[in-house]
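These are my notebook entries from going through one structure. I wrote down what I looked up and what I found.

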Amino acid sequence: MAEIGGFSFPFDKQHYADREAPVCRLEIKRHFDLLQNSEKIYAHHISQASWLGARIILRQTTQESESIFDFIVALFKDQKSGQLIDLNELQQRSGVDKETFQHWLQYAGQFLTNLANYKSFGDTKFIPRIPEASLEAIVGARGVQRVTDLFNSVKDHLYSVTPISKNLLGYVDDGHISNYYSENVTKQDILEVQKYLESIDTDSLNTRLFKVSDTEFEVRVASASVKAPEIHQTKEGKTIRIVYGDYHTIMEKITAEILAAIPHAANDNQRLMLEKYAESFATGSIPAHKESQKHWIKDIGPTVESNIGFIETYRDPAGIRAEWEGFVAMVNKDRTKKFGVLVDNAEYFISKLPWGVDYEKDSFHKPDFTSLEVLSFATGGIPAGINIPNYDDIRESYGFKNVSLGNVLNAKSSTEKYPFLTESDRILYERLKGPSFEVQVGLHELLGHGSGKLLAEQEPGMFNFNTTAPPISPITKSPITTWYKPGETWGSVFKNIASSYEECRAESVALYLSTDKDALRVFGHTDCSHDKGLADDVMYIGWLSMVRAGLLGLEFYNPAARKWGQAHMMARYAILRVLLEAGQDFVRLERNSDDTDAVITLDRNKIMTVGMPAMHEFLQKLQVYKATADFEAGSAMYAEVTSVPDDWIPLRDIVLSHKQPRKLFVQANTVREGDSVILKEYPATIEGIIQSFVERSI
């Protein structure tokens, strides 16, 4: 039993905010200082636009998140100066001891970096460790009526952990939480409305769905402009109203910042990109956003790189609607040279993948692959690498960009531990986890997400493959019988498993190609005696890291709901299961006698003879089912490799017992003063995170 908010009830302690989560600063000053003044102004305005959208993320996640955000910021912000109050003074006035006060700071910092009271990596709710009475004392010591009012409006949400199902993001008719939908929207409603929207060629990326009655729905489109609703009648007699102006005040501010950046664009591609961004955010047009991405792809090797909009669909349980994100970064030119070699040889490496020319793009559009140092990344969870845009038609016809985020990859915590490894593996892992992860990220983004073709009837009667002699499936050894119909996309066919399935495919491509000595050489790893990271060791640690990540992924599986909460970890778990089932003691997972610990081992001598054949077969299925829109076979296969047997639940408990807090990032702010832009950095502490948000314009 645990006491939360004055009440005792059965409670999973995993819902508490982490203790002493490590904080890493995204180091950027050296790179920012190298910019020309106009480039700094350009970066500043896109950074502002990105962070203004943080309120959209809050509203997309839960109904209470924005109010909790406002409460936290108001609690710590001096009303007159706009600066962070004296935290030590507040602690002393409240009468709360330092440890308890620190528990509250930890919750606040974790909420701000997740931009919700649900973890961005795992989609599970977290609550304060501090008793409600102690938090009330802190609020009272602050002595500000607005803070008190905000606290009273959110305190129940802060501490509530019942019903248990609502501690997960997911479909509302499964009892979970999602603010993409009103609480009465069912899975069937989502499918029916989506089918109609596709029939009128309307994209759902920047929308939310609300049910007015059993026969009436509102599709709310994010836009600065507010206009009369578009009213549609379906064949089934239902009314669908498309309403523009969701988040309209925020979208107005974002649009204004984008327009302010245009005079400082470095070239026509940047200018045209920004103009289309402004059009999209003002009107809610996804076609305009797609046009912006065409110009973004053409802007090769900019000094200041950015992207912004409704991008990733991970958090929508239906995999249809996208979360807001925006980033601004400086190019690390030295590290980018390495990726340029990978781009130049991409077609050579792709030809080694196990599916043949019929399942690969007719022509490979060489992407821009850069290493970036992040100035601002407005999102609930910063990735290590990105491959965008996600629009299939743009990728097929114009290409894509890959970015590796250097100061995210290099952010280290001195408190990190590495359970589930033998001592000899742990020593090698600590030395080479950075280089092996760089290889994995590079191959994952460029050759994973960048490879593969979708076989489609692009328009009625117009196919991108030979229908008179259809490709032979390497799985069935017969001509294919399924493909994408007009208007269908990868996401609309594979629905809620699309994100995880694609991450699994990209991770598998990277693992498969990491055995290639030419690929390792691109990243500077050879078998020469002077090489500090010998190629075989880097490859081995890459495979070991993947199977260990698959084990750690169990943290993000909810056995009560039988639901995965994180697309990437679900994908890595699938790869672990494939490699375990390859047999021959290639991968072994052994628990100790009292089920308090486990050790995972991988026989490096069998990577080529056992591991690679298993990955060859698995990767071939992943690609062929995706390419041919074979949802029936693909979903069945993926459900099998991502299922968690009941006898693995004790293993999940072991993983949870070794759980470590996830790293938090503190990001800099920029302030424009006339024609100058001032960069302000913050200490790598939980207080630094709070100060950065107090001073950030959101």
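The entries below cover a helix, two sheets and a lysine, all taken from a predicted model.

**Entry 1: helix 8**

I looked up helix 8, which covers residues 145-159. I wanted to know whether its length agrees or disagrees with its residue count. At 1.5 Å a residue, its 15 residues should span 21 Å, and the end C-alpha atoms are 21 Å apart, so the two agree. I also looked for a bend and found a kink of about 45°, centred on serine 153. Then I asked which residues of helix 8 are buried. They are Val147, Leu150, Phe151, Val154, Leu158 and Tyr159. I noted beside the list that in an α-helix residues three or four places apart point the same way, because there are 3.6 residues a turn.

**Entry 2: the sheet of 4 strands**

I read off the strand order of this open sheet as 4-5-7-6, with mixed pairing. Strand 4 (207-213) and strand 6 (230-233) are its edges, each pairing on one side only. From one strand to the next, the twist averages 25°. I then checked how strand 4 meets strand 5 (residues 216-222): they run antiparallel and are joined by 6 bridges. One pair I looked up was phenylalanine 210, whose bridge partner in strand 5 is glutamate 218.

**Entry 3: the sheet of 5 strands**

This second open sheet has the order 8-9-10-12-11, again with mixed pairing. Its edge strands are strand 8 (304-312) and strand 11 (385-388). Here the twist averages 35° from one strand to the next. Strand 11 and strand 12 run antiparallel, with 4 bridges between them. Glycine 385 has serine 404 of strand 12 as its bridge partner.

I also asked which helices lie across these strands. Helix 3 (residues 54-61) lies across strands 8, 9 and 10, at about 145° to strand 9. Helix 17 (residues 423-448) lies across strands 10, 11 and 12, at about 5° to strand 11.

**Entry 4: lysine 401**

Lysine 401 lies in strand 12, residues 401-405. Is lysine 401 buried or exposed? Its relative accessible area is 1%; the cut-off for buried is under 20%, so lysine 401 counts as buried. Next I looked at what its side chain reaches. A polar atom of that side chain lies 2.8 Å from the backbone oxygen of tryptophan 296. The side chain of lysine 401 also reaches the backbone oxygen of aspartate 299, at 2.8 Å. Residues touching lysine 401 include Pro302, Glu305, Pro367, Asp368 and Ile386.

Methods: Residues are numbered from 1 along each chain as its sequence is written. This is a predicted model: local features need pLDDT of at least 70, side-chain atom pairs count only at pLDDT 80 or more; totals for chains, interfaces and linings use all residues. Side-chain values use heavy atoms; hydrogens and water are left out. Helices (H or I, at least four residues) and strands (E, at least two) are DSSP runs, numbered from the N terminus. The expected span of a helix is 1.5 Å times one less than its number of residues. The bend at a residue is the angle between axes fitted to the seven residues ending there and the seven starting there. Buried means under 20% relative accessible area, exposed over 50%, partly exposed in between (1.4 Å probe, protein chains only). Two strands pair if DSSP finds at least two bridges between them. Axes are lines fitted to C-alpha atoms, for helices over the stretch in contact, and angles run from 0 to 180 degrees between N-to-C directions. A polar contact is a pair of N or O atoms within 3.5 Å; within protein, one must be able to donate a hydrogen and the other to accept it, and residues adjacent in sequence count only if both atoms are side-chain atoms. Contact means heavy atoms within 4.5 Å.
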